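Follow the salt bridges through this model and see which parts of the chain they connect.

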Amino acid sequence: MRALLVTSVGVTCAAALILPLATPALAAPPPHTVSAGPPPLYPESPGAGPPAVRTAGLPAADSAGSTQSLPLEPLAAPSDRVAGAAAGQGLERRTARPFSLVGVVWDDAKAELHGTVQVRTRATGSADWSDWQDVETHNAEHAADLGSDERSSGGVRGATAPLWVGDSDGVEVRVRPEPAGPRGRSATAPLPAGMRLELVDPGPDPAPGPAAETAPEPARAAPAGRSAAVAAFAVNPAPPTTPVVLPEVLTAESEAASAVNAELAPLGATFIPALTKAQTEDAATIAAGAKPYIGPRPGIITRKGWGADERLRERQFAYTKTVKAAFVHHSATGNNYTCKQAPSVLRSIYRYHVQSSGWRDFGYNFAVDKCGNIYEGRAGGVTKAVLGAHTLGFNTNTMGIAVLGSYSSTNPPAAAVTAVSKLTAWKLGLFGRNPKGKVTLTSGGSNKYKAGAKVRMNVISGHRDGFATECPGARLYKKLGTARTTSAKLQGR
């Protein structure tokens, strides 16, 4: 399939859209990261609160979010520690500036954290602390391929999965190394060097759009506090048919991210409207022989709709030749979020991927929340073959879909599985792919397949099919058969 061309509505950024991939300049901290020198720590004391948030390089009125990066310290040996086990690192209970997502990063992206990471937090305005929560440590499989410009930029770091904890202002973390014995090791594996706790504040939700965002027919009332763009898709019988154009002047970065979808929605739209199957076939540029095997286009909340700060990402977009397969993931961020909070979760993951982990952009091509809302992920155009950083070794000619949540022991909501089916029926249909079919992919190197290996996979695969990992969680992985069948039916197969 040929990539859709940007129409004259996006002429001002056309030059940026056709440039080849430049090596991302990720070594220096991006504008909002609060990490210059050893960051200030705020030991807890009665009545004490954190000082005002510093946003380096931005005016004081800017509230697009921030990241606190706190170096870990040696921990005193716990009383329940096994005799002879190595001491860990962490931070004792303390007050911090407000945050909603946590993770741990370290200097060497090739180093693996053999151990456990646990955090507990205090909700903002409360004196009560949460129980200890586990953070997923084996996260290296979510990354740009080895040898890619993004991976070899010099700024990529090792990282745990991020964990959504909600609005918090207190934190405690402990990292304990795995003892000798597991996985055949004769000695305790050292913890990676330069470990830091990342506390991410997603900033406020974007302002709701005008009344044109609602469906043309009478809509049921949305839950209190939910933004109109999200509520219209999750609650109304049908998604909106009129895209929204926000009145404010777009920055160059926002204009570029929106212009690549210019044939689907006006510049600055927060929502790409759903189409029927017939409308999709008429409107889409589809690979030769694909018709009529394409599903109806689902409604998609754009990066503008979930509030992506386009200043954070690498400016150029990176593309591959086609989309042969879709890899389904879970975000491993936990299930303690509401659908109203999903945009905040996305902004937090985005900031964690770019500022904390050193990636060029949000890693996944699309995201799906527990209510079945579909979100545009990595910038570059929802119809295009955008190169992601979701499945180490198999990012080329594939797309990644992250279902927000953790689904190893929790069943994914039916709405989320249905959304995966709808999204894949449409996007894979653009490239002539059968959701129930097989495809041969070439590995770029993973812990399951060596570089250059030809691997036969399902067109809709789970992350674990390309990498030895728990992702997308056992419960979500079991639902992929249902997703394939439904996706194929939506294509008319």
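R303 is buried in this predicted model, with a relative accessibility of 2%. Its salt-bridge partner is D361, and the closest N and O atoms of the two side chains are 3.2 Å apart. R303 belongs to helix α5 (residues 303–306), whereas D361 sits in the loop between α6 and β14 (366–368), so the bridge links parts of the chain 58 residues apart. D361 is buried as well, at 3% relative accessibility. The pair does not stand alone: through shared partners, salt bridges join R303, E310, R313 and D361 into one network.

Helix α6 (residues 342–356) contributes R347 to another salt bridge. The partner of R347 is D205, with an N to O distance of 3.0 Å. Because D205 lies in the loop between β10 (196–201) and α2 (228–235), the contact ties together parts that are 142 residues apart in sequence. The two ends are exposed to unlike degrees: R347 is buried, with a relative accessible area of 5%, while D205 is partly exposed at 35%.

A further bridge runs between two strands. R120 in strand β6 (residues 115–123) pairs with E172 in strand β9 (residues 163–177), so parts 52 residues apart in sequence are tied together. The N to O distance between the side chains of R120 and E172 is 2.8 Å. R120 is partly exposed, with a relative accessible area of 21%; because the limit for buried is under 20%, E172 falls on the buried side with 10%.

These pairs are among the 12 salt bridges that the structure holds.

Note on methods
Residues are numbered from 1 along each chain as its sequence is written. This is a predicted model: local features need pLDDT of at least 70, side-chain atom pairs count only at pLDDT 80 or more; totals for chains, interfaces and linings use all residues. Side-chain values use heavy atoms; hydrogens and water are left out. A salt bridge is a side-chain nitrogen of Lys or Arg within 4 Å of a carboxyl oxygen of Asp or Glu. Helices (H or I, at least four residues) and strands (E, at least two) are DSSP runs, numbered from the N terminus. Buried means under 20% relative accessible area, exposed over 50%, partly exposed in between (1.4 Å probe, protein chains only).
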